Amino acid sequence: MNVPPHSSSGSRTGSSASSGLIQRLTSLPRETRDTLWLLLVVGWVISPLTPHVPPWTMPFAYALLLWRAWLAWTQRPLPNRWVKGGLLLIAVVLTVVSHKTIVGRDAGVTLIIMLLVLKTLELRARRDAMVIFFLGFFTLLANFFFSQSLVVAVVMLLGLLGLLTALINSNMPVGKPPLAKSMRTAAWMSLLGAPIMLVLFMLFPRMAPLWGMPGEDLRGRSGLSDEMKIGSMASLVLDESVAMRIKFDTPGGRPPEQRHLYFRGPVMSYFNGQEWFAGSTYEARANNGAGTSSAELTVRGEPIKYEVTMEANRRNWLLLLDAADKPPVLPAELRARMSPSLQWIANRPIVNVLRYTAESHIDFSSGPTERTRELKPYVQLPHGFNPRTQELAEQMRADPALQGKGNMAYVNAALQRLRSGGYTYTLEPGLTGTHSADEFWFDTKLGFCEHIASAFVVLMRGLDIPARIVSGYQGGEINGYDGYWTVRQADAHAWTEVWVEGRGWIRIDPTGAVMPSRIGEYRRLQTPQGALGEAMSTVISPTMLMQMRAAWEAVNNRWNQWVLNYTQERQLNLLRSLGFETPSWQDLARLLGLIAGLSALIGVGWSLWEKNHQDPWQRMLQTVRQKLVKLGIDLPVHLPPRSMAQRIRAERPDGSLEPVAQWLLRVDQARYAPKPEVALSPLQRGLRDLQWPGTSNSSSTPAHATRP
């Protein structure tokens, strides 16, 4: 097989370029290498904060880091104080303009990023490096203000190892210790600290959620809203993120039938012609201030018990299977109440992953059984909208086949029209005009669930039948790895409730009339794949991709269950299992103090034992080896004193360590004297009196500095 000449030369050129770059990196001065490493770690630590800071922050920060790296690479002088002061002023002004303040979480995080990056521009002495280390550790923790996911935890663990590596390097001021060795030391330090971290995590009293700092921005994330504009819910189908995970307490953990899996969210009762709104404010206004009635919920049959792990939605509502007559069991800091429309609402927004248990009944009825003034808001429509739907309602009211047969006759007639009228359930119904219900019933006949539900409620109200829209989630899928039922944002759904005399509110899902498989068999519409998705499907089979996603979500769910949901209640349950009858946070503090005291005693005992059982001669030589390592000379532990002296003279022919070599020769001579214990004390004093190069001025020799 003949290889084209240009291919071979191109390969050689690329190979020589990469090898030249590697050679250049390995030949860099110590200061430049350590500076570049620290800049790389800083860039890694701030990267997860990109979605949570103003758009200008990261380009500004990375531009400064690249500039600082170029200065280190080319050995150019650092900027003067006027340049740094100007950059700081620009950063502060941009922060104030973006956040309208410099106080608070979001503004503080933006400022800490800019201070960390700007500090690298005056990295001249070790004290500057120490400031960067501490700012880096603080920024590391700031990532958890916004997310405590497993991905962020892994990224921050790598950032921690990077900062520890740089910190260890800064305490080796002489020579050029390899980064790999510092990394191993950092990993060993982290491993040794893991038991302490675990004990603190398990027993440190927690008075709030894991990071105890609720988000200041309470705008809802991608997901349900208490406002529904026609066409807005279709965009949620593009979002495959998890909304909640459910563990059913049923035989085999299986959920009820698909047609019963309605998880209730906001209930929309007010319509302005373009949007639907939830909340009792509109109901009270429409009802002349009379307020709303109670839920009047009646349940039948055995309850279904389940446990919900709900992702943060920054809303007050809790998502429960329709319908729950008892409040869910929540952590101590949360309380829940049921609204008149059967929606369960917490006393504060859900800003962290939340786990709660609940009971629901799929057989229930609610609302008044006789028509009252409190149903008036549910028949009101804005004037001048959807005239053809109003005309259709008049025709149905005048139909002799429907007169006198109650509300359900009109409901069934509307559903039959949906089944047989050529209506289509689609993600792309087109733009909606002023008269959205008219367009659905008579023109396009295309719609997603909110188009269908809205048009259905408008028709019911035109018939003077109380009706409302309920938003939430319908369906889901089981994860074969952990047995949890997964409900995604793409499972968002809108259905209706219609009031029927003698029965109260009953659920009517008009989408099921257009596409029965969406409800009964749970066949959700699939979004079109992009170029990346199509490319992935050609490399990896869709089945394997689904399995990989399920495995990852199972791992992430375990993280949520065991780490993010380790609440104060679970801490107290741990104490109960240890024998505490009525545990409190004071018991946690006492137990933590006891463990800390015992650990300290064990550490002191180990040190004393080691001191008394280790050969004093070996201890002296170990001290010398440790000091030599800091000077860039790493000697094997098996070398005798005379061989150590020879290696030192070979490594430092300038004689800077000659006193150390002479001391080692005296040790070698005294160790094998007739009475070595007589010579031990003078040698120990001599070791203390030795002058080590760099000892007196090491504090002024920066580990990360670029000389002008």
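**Figure legends: close-up views of the predicted model**

Of the contacts in the protein with a separation of 6 or more, 73% involve residues 24 or more positions apart. The model shown in every view is predicted.

**View 1. Overall composition of the predicted protein, with 23 helices and 19 strands.** Of the 708 residues in the protein, 45% are buried. The accessible surface amounts to about 35,600 Å², and carbon and sulfur atoms contribute 60% of that area.

**View 2. An open sheet of 5 strands with antiparallel pairing.** The strand order across this sheet is 11-6-2-17-16. Strand 11 (354-360) and strand 16 (477-478) occupy the edges; each has a single partner strand, so one side of each remains without a neighbour in the sheet. Within the sheet, strand 2 (residues 242-248) is joined to strand 6 (residues 304-310) by 5 bridges in the antiparallel sense. One of the paired positions places phenylalanine 248 against tyrosine 306, its bridge partner in strand 6.

**View 3. Strand 18 (residues 492-500), in which 9 of 9 residues are buried.** Ala492, Ala494, Thr496, Val498 and Val500 point one way from the strand, whereas His493, Trp495, Glu497 and Trp499 point the other way. Both sets are buried, the polar residues His493 and Glu497 included. Strand 15 (residues 467-474) pairs with strand 18 in the antiparallel sense over 7 bridges. In this pairing, valine 470 has tryptophan 495 of strand 18 as its bridge partner.

**View 4. The hairpin formed by strand 18 and strand 19, with 3 residues between the strands.** Strand 19 (residues 504-508) runs antiparallel to strand 18, and 5 bridges join the two. Tryptophan 499 stands opposite tryptophan 505 of strand 19. In the turn, glycine 502 adopts a positive phi of about 90°.

**View 5. The largest nonpolar core, comprising 45 residues.** The members that touch the most other members are Ile46, Phe60, Leu64, Val109, Ile113 and Met114. Two or more residues are supplied by each of helix 2 (30-46), helix 3 (57-74), helix 4 (81-99), helix 5 (105-119), helix 6 (126-142) and helix 7 (150-170). Helix 2 provides the largest share, 8 residues. Beyond its neighbours within four places in sequence, valine 109 is in contact with Leu49, Val53, Ala142, Phe145 and Phe146.

**View 6. Another nonpolar core, of 43 residues, lying apart from the largest one.** Its members include Phe271, Ala393, Ile452 and Met515. In soluble globular proteins, nonpolar side chains tend to be buried together.

Conventions: Residues numbered from 1 in each chain as written. Predicted model: local features only at pLDDT ≥ 70, side-chain atom pairs only at ≥ 80, totals over all residues. Heavy atoms only, no water. Pairing = 2+ DSSP bridges. Helix = DSSP H or I, 4+ residues; strand = E, 2+ residues; numbered from the N terminus. Buried < 20%, exposed > 50% of the residue type's maximum accessible area, 1.4 Å probe, protein only. Contact = heavy atoms within 4.5 Å. Areas by Shrake-Rupley, 256 points an atom, 1.4 Å probe, with all protein chains shown as cover. Core = buried A, V, L, I, M, F, W, Y, C linked by side-chain atoms within 4.5 Å.
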